[in-house]
Amino acid sequence: MGAKAKKASMKKNLKKASSSSKSSQLTISNRKSDVADFLPLEGGPARKLPEKVEPLENTATVLYIGRIPHGFYEKEMEDFFKQFGTIKRLRIARNKKTGKSKHFGFIEFESPEVVAKIVADCMHNYLLFEHMLQVHLIPQEKVHPKLWYGVTRRYKPLNWTQIERKQHNKERTLEEHRKLLEGIVKRDQKRRQRIEAAGIDYVPPEIVGGIQPAPKKIRFDED
């Protein structure tokens, strides 16, 4: 075989090798495209984008309501929110001692969770008596088990005027009355000292009665 024939055969072999390498590269790239959607810029293995996952539906049925204005209590809140649906439970957080509202509460509707979501969307940042209501859905796993404890009982605030009146007018023993007068005299003496220290020319009136000496115990002889 001459030199020309050898060169021609070598060229044919090179063309076949280049075409086979190109076809193999195309098949590899096609396979990669099937597996991976993009290649990272800094190298590394190719990754496929996750498929679009639909967001989970919020199954929360309990609503948190914050910044409740003064005077907007259980009855008013129930009358207002029942336009969205039947209310199952309603509670306003109150001070255990005074019974005053803490300006936040919770509502649960009897209807499905769609109603609660509508209420949260409509009433969040709603202006009510110069207060911007804050309405949020509470996930079921975050609802405290004792949230609705005692919700059926309406809190009756204590009548502190009546309690103080009863405490003031109660019958006292002689010893209790003596201690009461001693406290009044001590406070009067401190008041006089403060007036003198301030350089005020004023003489407070004397306390009428004062402290009476304790009665002596009378001992009777056996005879």
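**Close-up views of a predicted model**

**View 1. A salt bridge within helix α3 joins Asp-121 and Lys-117.** The side chains of Asp-121 and Lys-117 come together in a salt bridge, with a distance of 3.2 Å from N to O. This is a predicted model, and the distances and areas in these legends are computed from it. The two residues are four positions apart in helix α3, which means that about one helical turn separates them. Asp-121 counts as exposed, because its relative accessibility is 54% and the cut-off for exposed is over 50%. Lys-117, at 44% relative accessibility, counts as partly exposed.

**View 2. Four strands form an open, antiparallel sheet.** Strands pair through backbone hydrogen bonds, and the pairing can be parallel or antiparallel. Here the pairing is antiparallel, and the order of the strands across the open sheet is β2-β3-β1-β6. The edges are taken by β2 (residues 87-94) and β6 (residues 134-138), and because each has a single partner strand, one side of each is left without a neighbour in the sheet. On average, and with direction ignored, neighbouring strands of this sheet are turned by 20° against each other.

**View 3. Strands β1 and β3 run antiparallel, and helices pack on the sheet.** Strand β1 (residues 62-66) is joined by five bridges to strand β3 (residues 101-109), and these two strands run antiparallel. As one example of a residue in such a bridge, Val-62 has Glu-108 in β3 as its partner. Helix α2 (residues 74-81) packs on the sheet and touches β1, β2 and β3, while its direction makes about 145° with that of β2. Helix α3 (residues 113-123) also packs on the sheet, where this helix touches β1, β3 and β6, and its direction makes about 155° with that of β6. Helix α3 is also the helix that holds Asp-121 and Lys-117, the pair shown in View 1.

**View 4. Side chains of helix α5 take part in a network of salt bridges.** Asp-188 and Arg-191, three residues apart and thus about one turn of the helix from each other, both lie in helix α5 (residues 174-197), and their side chains meet in a salt bridge of 2.5 Å, N to O. Asp-188 is buried, with a relative accessible area of 9%, whereas Arg-191 is partly exposed, with a relative accessible area of 37%. A further salt bridge is formed by Arg-192 with Glu-206, whose closest N and O atoms are 3.7 Å apart. Because Arg-192 lies in helix α5 and Glu-206 lies in the segment after α5, this pair ties together parts that are 14 residues apart in sequence. Arg-192 counts as buried at 18% relative accessibility, while Glu-206, at 63%, counts as exposed. Through salt bridges that share partners, Asp-188, Arg-191, Arg-192 and Glu-206 are joined into one network. The count of salt bridges, when a side-chain nitrogen of Lys or Arg must lie within 4 Å of a carboxyl oxygen of Asp or Glu, comes to nine.

**View 5. Four residues form a nonpolar patch on the surface.** The patch is made of Tyr-155, Leu-158, Trp-160 and Ile-163, which together have about 360 Å² of accessible area. One of these residues, Ile-163, is found in helix α4 (residues 160-168). Ile-163 is partly exposed, with a relative accessible area of 38%.

Terms used
Residues numbered from 1 in each chain as written. Predicted model: local features only at pLDDT ≥ 70, side-chain atom pairs only at ≥ 80, totals over all residues. Heavy atoms only, no water. Pairing = 2+ DSSP bridges. Axes fitted to C-alpha atoms, helices over the stretch in contact; angles between N-to-C directions. Contact = heavy atoms within 4.5 Å. Patch = residues over 30% accessible without salt bridge, like charges linked within 9 Å, V, L, I, M, F, W, Y side chains within 5 Å. Areas by Shrake-Rupley, 256 points an atom, 1.4 Å probe, with all protein chains shown as cover. Buried < 20%, exposed > 50% of the residue type's maximum accessible area, 1.4 Å probe, protein only.
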